[in-house]
Amino acid sequence: MKVGLFIPCYVDAVYPEVGIATYRLLKHLGVDVTYPLNQTCCGQPMANAGFEKMATPLAEKFEQKFKDFDYIVAPSVSCTAFVKLNYPRLLKGHHECMTSGKIMDVVEFLHDVLKVDKPLGKLKAKVSLHNSCHGVRELGLSSPSEENVPEFNKIKDLLKLVEGLEVVEPERSDECCGFGGMFSVEETSVSEQMGIDKLKRHIDTGAKYITGPDCSCLMHMAGISKKRAMPIEFKHVVEILATGL
């Protein structure tokens, strides 16, 4: 099984430690993982802003970089969801999309493919779990509260494998933090207030850290938290899973 590691541009630029932790964790689990050089943005920002024609060449480059892998793994639910759900449409009329069916968020890969059930890292802390919208409603990492389905949470299942960790969830556990990509640019005030409300509910859990599978949501909340000096810290779920390995 050959795995290609996709590190989205904003993760590479702002949270390189998340990319390193993902690679280290996959290697620890015996995965044959490769990081293809010269990878670029998946095209999500352009497409979300209404410029899909500018995103198509990036989709083509992504295809060439990753088409020969058995799986493509990324520590970003929004970028993963974009490739999975939108690449077939962007590439329609050019050629069959080869990567849409291969890409997975790292949580999904660890939980569903590797079926990890042995102890992972060690971290004595209380963390509040942030269920990102793309992860809940597009990738199925946890059950949507608005649907009458049995409850499940793949992120929580993995975090339970970390020694010393206490995992809690805020009230209204899968409500949006207000980021939404272009939404935070076009509706700044609404986006910020949604983030403030979400942060208060996370802080009310008494957790030291907010964790989740998407750096974009964590980045949005961390920016608001820093601006308002709110008493909470942030760690991507992969950083926690890889702690001490």
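Colleague: In this predicted model, how many bridges join strand β1 to strand β2?
Modeller: Strand β1 covers residues 2-5 and strand β2 covers residues 32-34, and the two run parallel. Within this pair, Lys2 stands opposite Asp32 in β2. The number of bridges joining β1 to β2 is three.

Colleague: Which residue is the bridge partner of Leu5 in β3?
Modeller: β1 is also joined to strand β3, residues 71-74, by three bridges, and these strands run parallel. In β3, the partner of Leu5 is Val73.

Colleague: Which residue of β4 stands opposite Ile72?
Modeller: β3 and β4 pair in the parallel sense, over three bridges. Opposite Ile72, in β4, stands Ile103.

Colleague: In what order do the four strands of this open sheet stand, the one with β1 and β3?
Modeller: The pairing in this sheet is parallel. β2 and β4 (103-105) stand at the edges with a single partner strand each, so one side of each has no neighbour in the sheet. The order is β2-β1-β3-β4.

Colleague: By how many degrees are neighbouring strands of this sheet turned against each other on average?
Modeller: The value ignores the direction of the strands. The average turn between neighbours is 35 degrees.

Colleague: At about what angle to β4 does α5 run?
Modeller: Helix α5 takes in residues 77-90, 14 residues in all. From its first C-alpha to its last it reaches 19 Å, close to the 20 Å expected at 1.5 Å a residue. The helix lies across β3 and β4, and its angle to β4 is about 155 degrees.

Colleague: Where in α5 does the kink lie?
Modeller: The kink is of about 35 degrees and comes shortly before the proline Pro88. Buried residues of α5 include Val83 and Tyr87. The kink itself lies at Lys84.

Colleague: Which strands stand at the edges of the other open sheet, the one in the order β6-β5-β7-β8?
Modeller: This sheet has four strands, and the pairing is parallel. An edge strand here has a single partner, so one of its sides is left without a neighbour in the sheet. The edge strands are β6 (163-168) and β8 (233-236).

Colleague: Which residue in β7 stands opposite Val127?
Modeller: Strand β5 (residues 122-129) and strand β7 (residues 209-212) pair in the parallel sense over three bridges. The residue in β7 opposite Val127 is Tyr209.

Colleague: Is the crossover from β7 to β8 right-handed or left-handed?
Modeller: β7 and β8 run parallel and are joined by four bridges. One pair across them is Ile210 and Phe234, with Phe234 in β8. The chain crosses from β7 through α11 to β8, and this β-α-β crossover is right-handed.

Colleague: At about what angle to β8 does helix α11 run?
Modeller: α11 spans residues 215-228 and lies across β7 and β8. It has 14 residues and reaches 20 Å from its first C-alpha to its last, close to the 20 Å expected at 1.5 Å a residue. Its angle to β8 is about 170 degrees.

Colleague: Against which elements do the buried residues of α11 pack?
Modeller: Among the buried residues of α11 are Cys215, Leu218, Met221 and Ile224. They belong to a buried set that packs against α1 (9-14), α2 (16-28), α5, α10 (188-203), β7 and β8.

Colleague: Is Ala229 buried or exposed?
Modeller: Ala229 follows α11 and lies in the loop between α11 and β8. Its phi is near 55 degrees, a positive value in a residue other than glycine. Exposed means over 50% relative accessible area. At 68% relative accessibility, Ala229 is exposed.

Colleague: About how many degrees is the positive phi of Asn38?
Modeller: Most residues other than glycine have a negative phi. Asn38 lies in the loop between β2 and α3 (44-48), and it is exposed, with a relative accessible area of 60%. Asn38 is not a glycine, yet its phi is about 65 degrees.

Colleague: Is Phe152 buried, partly exposed or exposed?
Modeller: Phe152 is in the loop between α7 (133-137) and α8 (154-159). Beyond its neighbours within four places in sequence, Phe152 is in contact with Gly140, Leu141, Ser142 and Ser143. Partly exposed lies between the limits of 20% and 50%. At 37% relative accessibility, Phe152 counts as partly exposed.

Conventions: Residues numbered from 1 in each chain as written. Predicted model: local features only at pLDDT ≥ 70, side-chain atom pairs only at ≥ 80, totals over all residues. Heavy atoms only, no water. Pairing = 2+ DSSP bridges. Contact = heavy atoms within 4.5 Å. Axes fitted to C-alpha atoms, helices over the stretch in contact; angles between N-to-C directions. Expected span 1.5 Å × (residues − 1). Bend = angle between axes of the 7 residues up to and from the residue. Buried < 20%, exposed > 50% of the residue type's maximum accessible area, 1.4 Å probe, protein only. Right-handed = clockwise from strand over helix to strand, strands pointing away.
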